[in-house]
Amino acid sequence: MLQGLDYCLKMEVDNVVSTVREPLNWSGRWNHIQKVLERSGPFAHPDFEPSPDILGFLLNNCKLLVIGAGGLGCELLKNLTLTGFRHIDVIDMDTIDLSNLNRQFLFRQNDIGKAKATVASDFINNRVKGAEVVPHFCKIQDYDASFYKQFHIVVCGLDSIVARRWINGMLISLLEYDEDGNLDQTSVIPMVDGGTEGFKGNARIILPGLSACMECTLDLYPPQVNFPMCTIAHTPRQPEHCVEYVKVFGWEKEKPFGDAPIDGDNPEHIKWICGSACERAEQFGIQGVTYRLTQGVIKRIIPAVASTNAVIAAACSTEVFKLASSCGAPMNNYMVFNDADGVYTYTFEAEKSETCVACSQKPKTIHFKPTSQLRELIEFLCQDSMLQMKSPGITTTVNGNSKTLFMKSIPSIERATRPNLSKSLADLGLSSGQELIVADVTTPNSLIFILKLSDQCSAET
Amino acid sequence: MIKLFSLKQQKKEELASGTSSAGKRKATAAQLRLTKDLNELQLPKTCITEFPDPNDLLNFKLIITPDEGYYRGGKFTFSFKVGLGYPHEAPKVKCETMVYHPNIDLEGNVCLNILREDWKPVLTINSVIYGIQYLFLEPNPEDPLNKEAAEILSTNKRQFEQNVNRSMKGGYVGSVYFERCLK
Ligand SMILES: [Zn+2]
C-alpha cells in the first residue's frame, strides 16, 4: 500500500512540475482551492496532509463521470470544472427542449433539439480554460464495465430510479475481493448521487461495497404513482383520474390519431386528451381538469426549481472535492433538503443492508416450500420491496443440464415454459441449495439466488 | 476514513478481466449474461426467434421476414450458436436459407462487422439481430461475400432486384439454383 502511495505521489509531482509553466494555471487561478489543499485548518480531516500535489491530482489525474446533463448536470459541470477537475465525461441521452432553458443554463435557444451532453461539454470547454469535458450522447446502458472502470468518482444528476439502480449495480459489479472475501478498496468507485423534485432534494454518497447502496435503501424511493386500474375505470375522484382514464382506455379505443401512441410533447394530443378528460370529469362531477394538468399527468411533470438544483449540485460537488482530495470527511451519507416552507436539511446515515441483492457479496437466499409453485416465486420477485422486479426471466441447472424455468420476453420460450408456472418447485426438479439465475430490467447483471426448500417456511427471505 | 485516492491511482490501468469471485459460482458468466440478454430481447416485428429446446438458450433460430427493401416477402432463417466465451466472443451465426445476397455466401456465412472485427462484449444478441435485419434492408456491395451479387448490386440495381426476386421465387440465378423462400 505504501509503495503504491509513494509511486502515485511521484507521478503527481511529475505532473505538477510539467503543468506549472502552462498558461492554464496562471498565477492565482487556483488560490481558492490551494487555501484548502495546501494548509490545514479547523475543518480539515485529522489525517489530512496538506500538499501541493493534491491540486496536481485534481487537475491532471482525477477522472470524473457526470451522468445527466440536465438541471443538476449543468450545475455539476460548472461547479466541478471551476473547482479544477478537468477530465470529466458526461453522459446524457436527451436533447434540449425549450422548457429546459430557464434553469439548464449551458443551453441557448439555438441549441433546442441538440444533444444535451454535447452542447454542455462544448459550452464548458469554451468557457473554462483547460476543461476537457467529453460528451456521450447515449444511454448509460450502452457502455459496459470497461468504460465505467476508468473513473475515480461517478456523479449522478438523474431523474430516473431505474438508471440510478443500473449504475449502482454496475459500480458494485466492479468490486474485487481477495480470496478471504476482503474488499479490495482500490476497486471502489464512489458514487455521489443528487436528486431533486420541486422544492425537495437529496444528496448522498455511496461507497459501493462499503456503505449503503441504492438497493440497500430502495425503500427511500417511492415507486411511481400509478392509480389503481379500478379507480380510474369506475370510481374516479380526482381530475388526475380522468386524465389517466383517457390515457389508459380512451386513446386505444378511439384512436384519435390513428395508431400513433400518445406523445406528451404534441399539443394536439394533449388537447384531445384534455377534452375527453373534461367530459369524463363532468359525468362524475369532478372539477379541475385543465390543459396544464393534463400535460402534467401525461408527462409526469414535477415542476423543476432552479434553486433546488443549485443547492443539491453544490452539495454533490463539495462531496466530490472532499472524496478526491481527502481534505475533509465525506458526508455520512444521505442528506435531505426541503425549502418549500423555510429551509430544512437533515443528514443521516443510510445503513448498508446485509442482505442487499446488489452489494452484499453472497448470492441471496430465498425460502420456499417444495410444494410452492413457480408462480409464487415469481410473484415474490416482483412484489418484494427490496427487489421490485418487472419481468424476471429465470434459468437454472438441474443435474448438470441447463433448464429454463420461465421467460416471458421470447414467445416460443414463454409458450414452452408457461406450464412451469403452476408446477411445484419440487416437480420442476429443483432441490434445496439450488442456484437460480434471475434476469430483470432493474439490474444490469443477472442475479444469483440460492433456493432453500423446506416444509416449514412460507415465501420469505 | 478511507483515503481512496491514496490507495488507487494507476492500478486502474491493469486489466482486471473477469470477476475474481466467479470461480466459486456454478453459473457461468456466459449463462448469466445470456439469460439477461434474452430476457430483454426486443425484436422488430419482422423478426422472431425459435428455441427448438427452450432449456438450451445457447442454440436458437432467428426468422426474418423483411417488410421492405429488395427482400420484402422473403423468409430467411439464421442459426445462432452462443459459446461459453460469450460475451467476450461473438455468437456464431449462419444463414440456413440459401439467399442471393452480397453479404451472405451460398454456404450461409454472414459478413457483418459486429459478428467479427467489431464485436464488443457490450453488444448483445439484440444488436446482432438488428445488424442482420439491416443487411436485408441495406445490402452492402462494399463488403461482399457473394461477389457476383455485389457486383450486380453496384452496377445494375434493376438486374439485382430481378435476381433477388427470381431467387426468392425458386429458380436459377446464373448457374445457381435457389429454393423458394417466399413466406
Ligand atoms: Zn446495497
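User: Hi! What pattern does chain B follow, read along the sequence?
Analyst: Before anything else, this is a predicted model. Chain B reads α-α-β-β-β-β-α-α-α-β-β along its sequence. That comes to five helices and six strands.

User: And how many helices and strands does chain A have?
Analyst: Chain A has 14 helices and 13 strands.

User: OK, what share of each chain is buried?
Analyst: In chain A, 50% of the 461 residues count as buried. In chain B, buried residues make up 46% of 183.

User: What about surface, how much does each chain expose?
Analyst: Chain A has an accessible surface of about 21,800 Å², and 52% of that belongs to carbon and sulfur atoms. For chain B the figure is about 9,700 Å², with carbon and sulfur atoms supplying 49%.

User: How many of the contacts join residues 24 or more positions apart?
Analyst: Counting contacts between residues at least 6 apart in sequence, 63% of those in chain A join residues at least 24 apart. In chain B, with a separation of 6 or more, such pairs account for 53%.

User: Back to that run of strands in chain B. What order do they take in the sheet?
Analyst: The order is β1-β2-β3-β4, in an open sheet of four strands with antiparallel pairing. The edges are β1 (47–50) and β4 (92–95) of chain B, each of which pairs on one side only. On average, neighbouring strands of this sheet are turned by 25° against each other, direction ignored.

User: What holds strands of a sheet together, generally?
Analyst: Backbone hydrogen bonds: strands pair through them, either parallel or antiparallel.

User: How many bridges join β2 and β3 of chain B?
Analyst: Six bridges, between β2 (residues 59–64) and β3 (residues 76–81) of chain B, and the two run antiparallel. If you want a spot to look at in the structure, find B:Lys61, which stands opposite B:Ser79 in β3(B).

User: Switching to chain A: do β1 and β2 there run parallel or antiparallel?
Analyst: Parallel. Strand β1 (residues 63–67) of chain A pairs with β2(A) over five bridges. One facing pair is A:Leu64 and A:Ile88, the latter in β2(A).

User: Why is β2 of chain A described as largely enclosed?
Analyst: Four of the five residues of β2 (residues 87–91) of chain A are buried, so the strand is largely enclosed by the rest of the structure.

User: Is helix α3 of chain A covered or open?
Analyst: Mostly covered. Nine of the nine residues in α3 (residues 53–61) of chain A are buried. Among them are A:Asp53, A:Phe57, A:Asn60 and A:Asn61.

User: Let's do cysteines. How many disulfides does the structure hold?
Analyst: Zero, over all chains. In general, a disulfide is a covalent bond between the sulfur atoms of two cysteines.

User: So are A:Cys138 and B:Cys47 buried or exposed?
Analyst: A:Cys138 has 14% relative accessibility, so it counts as buried, the cut-off being under 20%. B:Cys47 is buried too, because its relative accessible area is 4%.

User: Where is A:Cys316, and what does it touch?
Analyst: A:Cys316 is in helix α12 (residues 306–325) of chain A. With a relative accessible area of 1%, A:Cys316 is buried. Leaving aside residues up to four places away in sequence, A:Cys316 touches A:Leu76, A:Val155, A:Val192, A:Asp193, A:Gly194 and A:Ala203.

User: How far apart are A:Cys316 and A:Leu76?
Analyst: In sequence, 240 residues; in space, 7.7 Å from C-alpha to C-alpha.

User: Which residue does UniProt list for "active site"?
Analyst: The UniProt record, an unreviewed entry, lists B:Cys111. In the model, B:Cys111 lies in the loop between β4 and α3 (125–137) of chain B.

User: And what does B:Cys111 touch?
Analyst: B:Asn103, B:Leu135, B:Asp143 and B:Leu145, not counting residues up to four places away in sequence.

User: Last one: where is A:Arg29, and is it buried or exposed?
Analyst: A:Arg29 is found in the loop between α1 (2–20) and α2 (31–37) of chain A. A:Arg29 is buried, because its relative accessible area is 12%. Again setting aside residues up to four places away in sequence, A:Arg29 touches A:Leu24, A:Arg86, A:Val128 and A:Lys129.

Technical notes. Residues numbered from 1 in each chain as written. Chains lettered and ligands numbered in written order. Predicted model: local features only at pLDDT ≥ 70, side-chain atom pairs only at ≥ 80, totals over all residues. Heavy atoms only, no water. Buried < 20%, exposed > 50% of the residue type's maximum accessible area, 1.4 Å probe, protein only. Contact = heavy atoms within 4.5 Å. Areas by Shrake-Rupley, 256 points an atom, 1.4 Å probe, with all protein chains shown as cover. Pairing = 2+ DSSP bridges. Axes fitted to C-alpha atoms, helices over the stretch in contact; angles between N-to-C directions. Disulfide = S-S within 2.5 Å. UniProt positions renumbered as here; feature names shortened; annotations may be inferred.
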